[in-house]
Amino acid sequence: MQNKVIKEIICPKCSQVTQGKLYTSINATNHPHLRNEILEENLFRWRCHSCGHEVMLSYPMLYNDMKKRFMIYLIPGVDRFQLADSELEEEFANLKGIRKRLAPDFNTFREKLFIFENGLDDMAVEMTKLAISQSVARKLDIREVTEGYLSMYDRESNTMGFTFLIGIEKEPYIQSVRLEIYSKSLAIVDDLAEKDRALKGFLTIDREWAKNILYRYKRKKIEFRTAREAAKAESKS
Ligand SMILES: [Zn+2]
């Protein structure tokens, strides 16, 4: 599975037409060089033959790594939780247990790739990132830190690192954490996101999703405490 489309693109600077190669889907297992091309952003770069003007093209691209069993659908600006494409589902019906994700922008796409290639669970990574972003916000005494990416993972030193983008200037701020917090997040996800794991189609697993799980986790803890106190009160009376 690898689809290339040749398109005539009009240069926004000199109006000359140059052909552009657009990859609508990529199979990383069979074409590993394309993986590197994407990460270096070369795949989306278009250059005018006439005046040399360069633009980054933005279009949907489906990335498939069969060996590591994940697919990422980069759809610029996509704003939905679930995308169930019946044609795609049918094409890959025999492939079970594949993680399928939506990515609304290139940074998210790159982060998902990094997570899955390192054998991590992106749901647990989002939970960890949410928790760490809150403690970074407290530390820097700002209201919230909403943007950040997993940028380092090292099993040997038992750490993972996030790069957060702070303020309007998007100043990078790197925070590393011990892997225990990731393990704890994984346990929460295993407990509370069972339904989401079974969902069909491509899913958006992001900060909003993590906030929702965290909310459910806190509510469950309160319910548990209330039930325990009620039981205690009953045994006293
Ligand atoms: Zn041009």
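## Asn158 and the β9–β10 loop

Asn158 is a buried residue, its relative accessible area being 19%; the cut-off for burial is under 20%. In this predicted model, Asn158 sits in the loop that links β9 and β10. The backbone of Asn158 has a positive phi of about 60 degrees, although the residue is not a glycine.

A second loop residue, Asp141, offers a useful comparison. Asp141 is also not a glycine, and has a positive phi of about 55 degrees. Its place is the loop between α4 and β9. Asp141 is exposed, with a relative accessible area of 70%.

## The sheet β9-β10-β11

The strands on either side of Asn158 belong to an open sheet of 3 strands, arranged in the order β9-β10-β11 with antiparallel pairing. Strands β9 (147–154) and β11 (171–178) each have a single partner strand and stand at the edges, so one side of each has no neighbour in the sheet. On average, and with direction ignored, neighbouring strands of this sheet are turned by 25 degrees against each other. Strands of a sheet pair through backbone hydrogen bonds, in either a parallel or an antiparallel arrangement.

Strand β10 covers residues 159–166 and is joined to β11 by 8 bridges in the antiparallel sense. Within this pairing, Phe162 stands opposite Gln175 of β11. The two strands, β10 and β11, form a hairpin with 4 residues between them. In the turn of this hairpin, Gly167 has a positive phi of about 70 degrees.

Helix α4, made up of residues 122–140, lies across β9, β10 and β11. The helix runs at about 55 degrees to β10.

## Strand β6 and its two partners

Another part of the chain centres on strand β6 (70–74). Of the 5 residues in β6, 5 are buried, and the strand is thus described as mostly covered. In a regular strand, side chains alternate between the two faces of the sheet. In β6, the side chains of Phe70, Ile72 and Leu74 point one way, whereas Met71 and Tyr73 point the other way; all are buried.

Which strands pair with β6, and in what sense? Strand β5 (residues 61–65) runs antiparallel to β6 and is joined to it by 5 bridges. Strand β8 (residues 99–103) runs parallel to β6, and 5 bridges join these two strands. Ile72 takes part in both pairings: Ile72 is the bridge partner of Tyr63, and Ile72 also stands opposite Arg101 in β8.

Strands β5 and β6 form a hairpin with 4 residues between them. Arg69, in the turn of that hairpin, has a positive phi of about 60 degrees.

## Val78 in the loop after β6

Val78 lies in the loop between β6 (70–74) and β7 (82–83). Is this loop residue buried or exposed? Val78 is buried, with a relative accessible area of 17%, where burial requires a value under 20%.

Leaving aside residues up to four places away in sequence, Val78 touches Leu102, Ala103 and Pro104. Strand β8 spans residues 99–103, and these contacts therefore include residues of the strand that runs parallel to β6. The C-alpha atoms of Val78 and Ser25 are separated by 17 Å, the two residues being 53 residues apart along the chain.

## The chain as a whole

The chain contains 7 helices and 12 strands. Its C-alpha atoms fill a box of roughly 85 × 45 × 35 Å, taken along the principal axes. Of the 237 residues in the chain, 40% are buried. Among contacts between residues at least 6 apart in sequence, 59% join residues at least 24 apart.

The accessible surface of the chain comes to about 14200 Å², and carbon and sulfur atoms account for 50% of it. The chain carries 39 positive and 35 negative charges, and the mean positions of the two sets are 3 Å apart.

Terms used: Residues are numbered from 1 along each chain as its sequence is written. This is a predicted model: local features need pLDDT of at least 70, side-chain atom pairs count only at pLDDT 80 or more; totals for chains, interfaces and linings use all residues. Side-chain values use heavy atoms; hydrogens and water are left out. Two strands pair if DSSP finds at least two bridges between them. Axes are lines fitted to C-alpha atoms, for helices over the stretch in contact, and angles run from 0 to 180 degrees between N-to-C directions. Contact means heavy atoms within 4.5 Å. Buried means under 20% relative accessible area, exposed over 50%, partly exposed in between (1.4 Å probe, protein chains only). Accessible areas come from the Shrake-Rupley method with a 1.4 Å probe; for residues, only the protein chains shown count as cover. Lys and Arg count as positive and Asp and Glu as negative; His and the chain ends are not counted. The place of a charge is taken as NZ of Lys, CZ of Arg, CG of Asp or CD of Glu.
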